[in-house]
Amino acid sequence: ASLGDVVTAPEADKYYVIQGNGQAGQVSWLYDNNGTFAANAAATVTTGAEGMKYVWTFEFSDDGVAAKNLTTGRYIHIAGTGNGGAVQMQDTPSYFTIDVSGEEVGFKNASGRYIDMGYSGVGPVTWDGGVTGSRRLVIYIANVEEISELSAAMARLETCYTTYEDYLPGWGEKTFDRGTEIGQYNCSDEVY
């Protein structure tokens with residue numbers, strides 16, 4: 001994906017990239033990090049196949065707008081009802097409204113809280129106060145060539161495989177906390 005024009009009114013069935021902004025002007029790019037709403041701080045968005053994780057589509061209903069990550073199929077959920085609340089990813093649509101200020105927008109939930117990217121531009125929480133400071137988002141048209149349902153599904157499968165590979169014994173860099181205590185995985189070496 002590469003960047004196209006800035007839009008403030010996204011349309012259904014088109015592809016977009018969303019830029020976050022920190023309080024001191026730091027630029028970041030929103031994506032779904034294995035089920036966690038995240039941002040990658042960089043002056044420009046990653047392009048090519050690696051950049052597909054930054055691509056979003058929008059869905060519309062009487063309840064508002066929902067933003068869906070193209071690679072994972074999960075939706076942004078602005079969960080916080082107060083300042084410092086959570087912004088998450090979930091499997092079902094979560095609706096919000098888009099407030100516009102010039103070429104910048106803010107995603108606002110029913111409680112009047114916006115996605116706020118924090119001072120660094122990468123620490124998403126909820127906050128009130130309108131489309132200013134670190135609540136400023138910019139939506140760019142994503143120029144995506146030859147994307148298909150098959151290639152999107154393949155990207156999701158690759159993400160799952162990479163996560164699986166991280167936990168393989170003698171291979172991955174992550175391990176399960178194994179044992180019989182609460183919160184531990186009680187399994188044999190063979191099952192692991």
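Mentor: A salt bridge here is a side-chain nitrogen of Lys or Arg within 4 Å of a carboxyl oxygen of Asp or Glu. This is a predicted model, where local features need pLDDT of at least 70, side-chain atom pairs count only at pLDDT 80 or more, and totals for chains, interfaces and linings use all residues. Residues are numbered from 1 along each chain as its sequence is written, and side-chain values use heavy atoms, with hydrogens and water left out.

Trainee: Thanks! Which residue does Lys-14 meet in a salt bridge?

Mentor: Look at the side chain of Lys-14, which is partly exposed with a relative accessible area of 41%; buried means under 20%, exposed over 50%, and partly exposed in between (1.4 Å probe, protein chains only). Its partner is also partly exposed, at 42% relative accessibility. The N to O distance is 3.1 Å, and the partner is Glu-11.

Trainee: How many helices and strands are there in the protein?

Mentor: Helices (H or I, at least four residues) and strands (E, at least two) are DSSP runs, numbered from the N terminus. Reading from the N terminus on, the β elements come before the closing α. The count is one helix and 13 strands.

Trainee: What is the radius of gyration of the protein?

Mentor: The radius of gyration is taken over C-alpha atoms, and the globule rule is 2.2 Å times the number of residues to the power 0.38. For 192 residues that rule gives 16 Å, and the model's value is close to it, so the protein is as compact as a globular protein of that length. The radius of gyration is 18 Å.

Trainee: Back to charges, then. Where does Arg-136, the partner of Glu-104, lie?

Mentor: The closest N and O atoms of Glu-104 and Arg-136 are 2.8 Å apart, and the two form a salt bridge. The pair links distant parts of the chain, 32 residues apart, with Glu-104 in strand 10 (residues 104-108). Arg-136 is in the loop between strand 12 (125-127) and strand 13 (137-143).

Trainee: Is Arg-136 buried or exposed?

Mentor: Start with its partner: Glu-104 has 22% relative accessibility and counts as partly exposed. Arg-136 has 19% relative accessibility, so Arg-136 counts as buried.

Trainee: Which residue forms a salt bridge with Arg-113?

Mentor: Arg-113 is buried, with a relative accessible area of 18%, while its partner is partly exposed at 30%. The closest N and O atoms are 3.9 Å apart, and the partner is Asp-128.

Trainee: How many residues apart in sequence are the parts that this pair ties together?

Mentor: Arg-113 lies in the loop between strand 10 and strand 11 (114-116). Asp-128 lies in the loop between strand 12 and strand 13, so the pair ties together parts that are 15 residues apart in sequence.

Trainee: How many salt bridges does the structure hold?

Mentor: We have met Lys-14 with Glu-11, Glu-104 with Arg-136 and Arg-113 with Asp-128. These are among the full set, and the structure holds six.

Trainee: Which residues does Tyr-185 touch, not counting those up to four places away in sequence?

Mentor: Tyr-185 sits in the segment after helix 1 (149-166) and is partly exposed, with a relative accessible area of 47%. Contact means heavy atoms within 4.5 Å. By that cut-off, Tyr-185 touches Phe-176, Asp-177, Arg-178 and Gly-179.
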